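Visitor: I should like to go through this model step by step, with the reasoning set out for each answer. Please begin once the sequence and structure are in view.

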Amino acid sequence: MNRILILLSLVLFIACQKHTQTSEKPPEQTKSRELVTYPNPIEKPLSLSEEQVNNLIELPLACIQTEYPNKLGQTLGGRENIGEPHELHPAFYGCFDWHSSVHGHWSLIKLLKTFPRLEKEKEARDKLFHTITKENIEKEVAYFMGKHNTSYERTYGWAWLLKLAEELHTWDSPFAKTLERNLQPLTDLIVQRYIEFLPKLKYPIRVGEHTNTAFGLSFAWDYAKTVGNTQLTEVIRKRAKEFYKQDKGCPIQWEPSGYDFLSPCFEEIDIMRRVLSKEEFDRWIIDFMPQLLDKEFSIAVGEVSDRTDGKLVHLDGLNFSRAWVLYGLANQYPEFEHLVHVANKHVKYSLPNLVGDSYEGGHWLGSFAIYALDNDSAK
């Protein structure tokens with residue numbers, strides 16, 4: 001009997017020890033998906049002051065008719081394709097390259113639309129009337145129709161062209177309606193290029209520069225939703241889900257690369273918050289980047305070592321593009337409001353460097369700053 005009691009006592013002791021060890025297992029070793037959160041005051045998104053707006057408009061004003069230096073990025077099929085930038089691209093020849101000229105025009109439209117009493121309103125309107133003309137856009141369309149130009153500016157420049165078209169479409173102004181009509185043939189062509197290209201793209205392009213697929217889809221989605229183009233909307237929704245729905249554990253710790261101005265992880269979030277329902281997005285983000293739900297989530301800003309270097313200054317752009325993704329996410333879903341603090345930190349690092357910056361950054365970074373601080377950009 002004593003031996004039986006001893007054995008029973010030993011079994012109970014071992015069982016208690018195992019229970020204690022299990023109950024004391026550190027939280028990080030459990031399989032629970034719940035994240036530890038801490039109450040922090042929610043910051044408001046940053047906004048532009050009147051002085052900053054008047055400074056920022058100087059950037060596109062100074063570049064949309066500045067022809068040189070210029071990076072054409074073209075494929076020459078023969079001597080007949082050689083020409084000066086203003087001959088090849090009479091609407092969008094300034095700001096160093098075609099896509100930067102396009103979003104420089106978008107910047108002017110956005111600022112004129114949002115701040116109607118700008119000091120240089122007349123100068124801005126005059127320049128826009130001079131560049132976005134019916135004749136100039138016809139020549140731009142002819143360039144895109146060239147044998148060697150079917151992939152020209154795919155999809156970064158395409159995306160900004162549709163963002164420009166969207167901005168004009170949503171501005172109830174005779175001035176804007178005239179420009180929208182002039183731009184329409186090129187807008188229609190870019191829409192068709194998207195519809196033809198996306199079904200043929202077998203794999204998404206996951207980089208931090210121009211060819212990032214998620215970025216190109218996000219801006220095109222905004223345009224399609226705004227104008228009610230269901231064909232474009234549906235092809236984007238289909239391809240985005242096929243490209244990204246099964247993605248898990250995005251390696252944000254690998255970012256940024258040295259020349260990034262887009263975050264591959266964040267840009268993917270930006271398109272998926274658009275195309276997925278709330279229930280789908282809740283499930284997807286837990287698998288893809290659950291740390292964003294942690295109230296103490298933080299990520300270091302991209303540091304620029306030399307703002308006269310056209311590639312290194314890309315990291316200022318990264319700070320603004322990260323910010324617009326986080327602002328958009330917080331605008332759409334209140335459970336991500338704490339990310340406004342992270343976005344603000346990124347903007348505060350790079351915004352003071354824009355005015356007086358070298359042309360390497362000044363020809364394009366203003367557009368990124370304006371879009372980041374346009375807190376109505378959540379779609």
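Guide: This is a predicted model. With bonded cysteines counted along the chain, the disulfides of the protein chain follow the pattern 1-2, 3-4.

Visitor: How many disulfides does the structure hold?

Guide: A disulfide is a covalent bond between the sulfur atoms of two cysteines. One such bond joins Cys63 to Cys95, with an S to S distance of 1.9 Å. Another joins Cys250 to Cys265, at 2.0 Å from S to S. The number of disulfides in the structure is two.

Visitor: What is the handedness of the disulfide of Cys63 and Cys95?

Guide: The handedness is read from the torsion about the S-S bond, which is about 75 degrees for Cys63 and Cys95, so this disulfide is right-handed.
The pair links distant parts of the chain, with Cys63 in helix H3 (residues 58–63) and Cys95 in the loop between helix H4 (85–88) and helix H5 (98–114). To return to the term asked for, the disulfide of Cys63 and Cys95 is right-handed.

Visitor: How many residues apart in sequence are the parts that Cys250 and Cys265 tie together?

Guide: The link of Cys250 and Cys265 is left-handed, with -95 degrees about the S-S bond. Cys250 lies in the loop between helix H11 (230–244) and helix H12 (264–275), whereas Cys265 lies in helix H12, so the parts tied together have a separation in sequence of 15 residues.

Visitor: Are Cys250 and Cys265 buried or exposed?

Guide: The term buried applies under 20% relative accessible area. For the other disulfide, Cys63 and Cys95 are each buried. For Cys250 and Cys265, the term is likewise buried.

Visitor: How are H11 and H12 oriented to each other, roughly parallel or oblique?

Guide: Two packed helices are described by the angle between their axes and the distance between the axes. For H11 and H12 the axes are 10 Å apart and the angle is about 130 degrees. Angles under 35 degrees count as roughly parallel, over 145 as roughly antiparallel and 65 to 115 as roughly perpendicular, with the rest as oblique. The orientation of H11 and H12 is therefore oblique.

Visitor: How many charged residues are in the contact of H11 with H12?

Guide: The crossing of H11 and H12 is left-handed. Ile236, Arg237, Ala240, Lys241 and Tyr244 of H11 meet Glu268, Ile271, Met272 and Val275 of H12 in this contact. The residues divide into six nonpolar and no polar, and the number of charged residues is three.

Visitor: Is Asp270 buried or exposed?

Guide: Asp270 is found in helix H12. Not counting residues up to four places away in sequence, Asp270 touches Ser218, Trp324 and Val325. Its relative accessible area is 1%, and under 20% counts as buried, so Asp270 is buried.

Visitor: What distance separates the C-alpha atoms of Asp270 and Leu329?

Guide: Asp270 and Leu329 are 59 residues apart along the chain. Within the protein chain, residues 24 or more positions apart account for 76% of the contacts with a separation of 6 or more. The C-alpha atoms of Asp270 and Leu329 are separated by 7.4 Å.

Visitor: Are H14 and H17 roughly parallel or oblique?

Guide: The axes of helix H14 (residues 314–332) and helix H17 (residues 365–373) come within 8 Å and cross at roughly 20 degrees. Angles under 35 degrees count as roughly parallel. The term for H14 and H17 is therefore roughly parallel.

Visitor: How many nonpolar residues are in the contact of H14 with H17?

Guide: The crossing of H14 and H17 is left-handed. The residues in contact include Phe320, Trp324 and Tyr327 of H14 and Leu365, Phe368 and Tyr371 of H17. By class there are two polar residues and one charged residue, and the number of nonpolar residues is ten.

Visitor: Are H8 and H10 roughly parallel or oblique?

Guide: Helix H8 (residues 156–169) and helix H10 (residues 213–227) have axes 8 Å apart and pack at an angle of about 25 degrees. H8 passes H10 in a left-handed crossing. With angles under 35 degrees counted as roughly parallel, the term for H8 and H10 is roughly parallel.

Visitor: How many helices does the protein chain have?

Guide: Buried residues make up 50% of the 379 residues in the protein chain. The number of strands is zero, and the number of helices is 17.

Technical notes. Residues numbered from 1 in each chain as written. Predicted model: local features only at pLDDT ≥ 70, side-chain atom pairs only at ≥ 80, totals over all residues. Heavy atoms only, no water. Disulfide = S-S within 2.5 Å. Helix = DSSP H or I, 4+ residues; strand = E, 2+ residues; numbered from the N terminus. Buried < 20%, exposed > 50% of the residue type's maximum accessible area, 1.4 Å probe, protein only. Axes fitted to C-alpha atoms, helices over the stretch in contact; angles between N-to-C directions. Left-handed = near helix turned anticlockwise from the far one by under 90°. Contact = heavy atoms within 4.5 Å. Nonpolar A, V, L, I, M, F, W, Y, C, P; charged D, E, K, R; others polar.
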